[in-house]
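Please take a moment with the sequence and the coordinates before reading on. We will then walk through the fold together, from the overall layout to single residues.

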Amino acid sequence: MNDELWKIREKKLEELRKRFDPPKPVEDPLHGGIIILNKENFSHILHTHPRLIVDFWAPWCGPCRMLAPVIESLSAEFAGRVSFAKCNTDENQQIAYQFGISAIPTLFFFIQGEVAHQIAGVLPRPQLEQQIRDVFQIPG
């Protein structure tokens with residue numbers, strides 16, 4: 001393969017990797033205001049955030065990717081009142097099993113470490129926002 005074709009191929013492969021590879025967690029457990037959960041920090045985060053929404057997802061899941069920007073937006077809107085976290089079910093199968101995750105995306109709402117509500121699938125942003133307000137009793 002000549003050099004020019006090789007460069008084009010490498011550029012296209014890099015674009016595909018960026019598009020389909022999951023974001024790599026950084027040293028800091030926050031990723032854009034959203035906590036990245038794993039087996040090491042799950043219990044601690046669950047018990048230190050009084051109002052927590054956990055998004056169980058996987059990188060290959062189309063609906064999960066559709067929900068991601070909505071979660072990011074809601075995380076900013078409810079900052080200081082509700083904490084948001086993501087748990088990759090491929091990397092954390094034991095946690096997913098513990099909570100009986102059989103479909104993704106699934107959102108779990110925790111109050112003081114206890115499950116208060118859950119949603120399987122993708123909801124439109126207004127409906128999801130209303131459920132957050134209802135579960136956590138946040139005025140609109």
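What follows is a guided tour of the structure, beginning with the chain as a whole.

Keep in mind from the start that this is a predicted model. The protein chain has five helices and six strands. Starting at the N terminus, these elements follow one another in the order α-β-β-α-β-α-β-α-β-β-α. The protein chain has 140 residues, and 39% of them count as buried. What about contacts across the sequence? Among contacts in the protein chain with a separation of 6 or more, 68% are between residues 24 or more positions apart.

A good place to see two elements meet is the pair of helices α3 and α5. Two packed helices are described by the angle between their axes and the distance between those axes. Here the axes of α3 and α5 come within 11 Å and cross at roughly 45 degrees. An angle of that kind falls outside the parallel, antiparallel and perpendicular ranges, so α3 and α5 are oblique to each other. The crossing of the two helices is right-handed. Which residues make this contact? On the α3 side they are L67, V70, I71, S73, L74 and E77, and on the α5 side R125, L128, E129, I132 and R133. Sorted by character, the residues of the contact of α3 with α5 are six nonpolar, one polar and four charged.

Some of those charged residues deserve a second look. E77 and R125 meet through their side chains in a salt bridge, with 2.7 Å from N to O. This pair links distant parts of the chain, since E77 belongs to helix α3 (residues 62-77) and R125 to helix α5 (residues 125-136), 48 residues apart. The pair is also part of something wider: E77, R125, E129 and R133 are joined into one network by salt bridges that share partners. Are the two partners of this bridge buried or exposed? E77 has a relative accessible area of 29%, so this residue is partly exposed. R125, at 26% relative accessibility, counts as partly exposed too.

How many salt bridges does a search of the whole structure find? The search finds six. Another of them joins the side chains of K86 and D55, again with 2.7 Å from N to O. K86 sits in strand β4 (residues 83-88) and D55 in strand β3 (residues 51-57), so this pair ties together parts that are 31 residues apart in sequence. Both K86 and D55 are buried, which for each residue means a relative accessible area under 20%. A further salt bridge runs between R9 and E10, whose closest N and O atoms are 3.0 Å apart. R9 counts as partly exposed because its relative accessibility is 38%. E10 is likewise partly exposed, with a relative accessible area of 30%.

Now let us turn to strand β5, residues 106-111, and to I111 within it. Leaving aside residues up to four places away in sequence, I111 touches P50, A116, V135 and F136. There is also a C-alpha separation to look up in the model: I111 and H47 are 64 residues apart along the chain, and their C-alpha atoms are separated by 9.2 Å. I111 itself has a relative accessibility of 33% and so counts as partly exposed.

The tour ends with the backbone. Most residues other than glycine have a negative phi, and most peptide bonds are trans. Against that background, three places in this model are worth inspecting. The peptide bond from I104 to P105 is cis, with omega near 0 degrees. P105 is found in the loop between α4 (93-98) and β5.

Q112 is not a glycine, yet its phi is positive, at about 55 degrees. The residue is found in the loop between β5 and β6 (114-120). With a relative accessibility of 59%, Q112 counts as exposed. Q137, also a residue other than glycine, has a positive phi near 50 degrees. Q137 lies in the segment after α5, and its relative accessible area of 70% makes it exposed.

Conventions: Residues numbered from 1 in each chain as written. Predicted model: local features only at pLDDT ≥ 70, side-chain atom pairs only at ≥ 80, totals over all residues. Heavy atoms only, no water. Helix = DSSP H or I, 4+ residues; strand = E, 2+ residues; numbered from the N terminus. Buried < 20%, exposed > 50% of the residue type's maximum accessible area, 1.4 Å probe, protein only. Contact = heavy atoms within 4.5 Å. Salt bridge = Lys/Arg side-chain N within 4 Å of Asp/Glu carboxyl O. Axes fitted to C-alpha atoms, helices over the stretch in contact; angles between N-to-C directions. Parallel < 35°, antiparallel > 145°, perpendicular 65-115°, else oblique. Left-handed = near helix turned anticlockwise from the far one by under 90°. Nonpolar A, V, L, I, M, F, W, Y, C, P; charged D, E, K, R; others polar.
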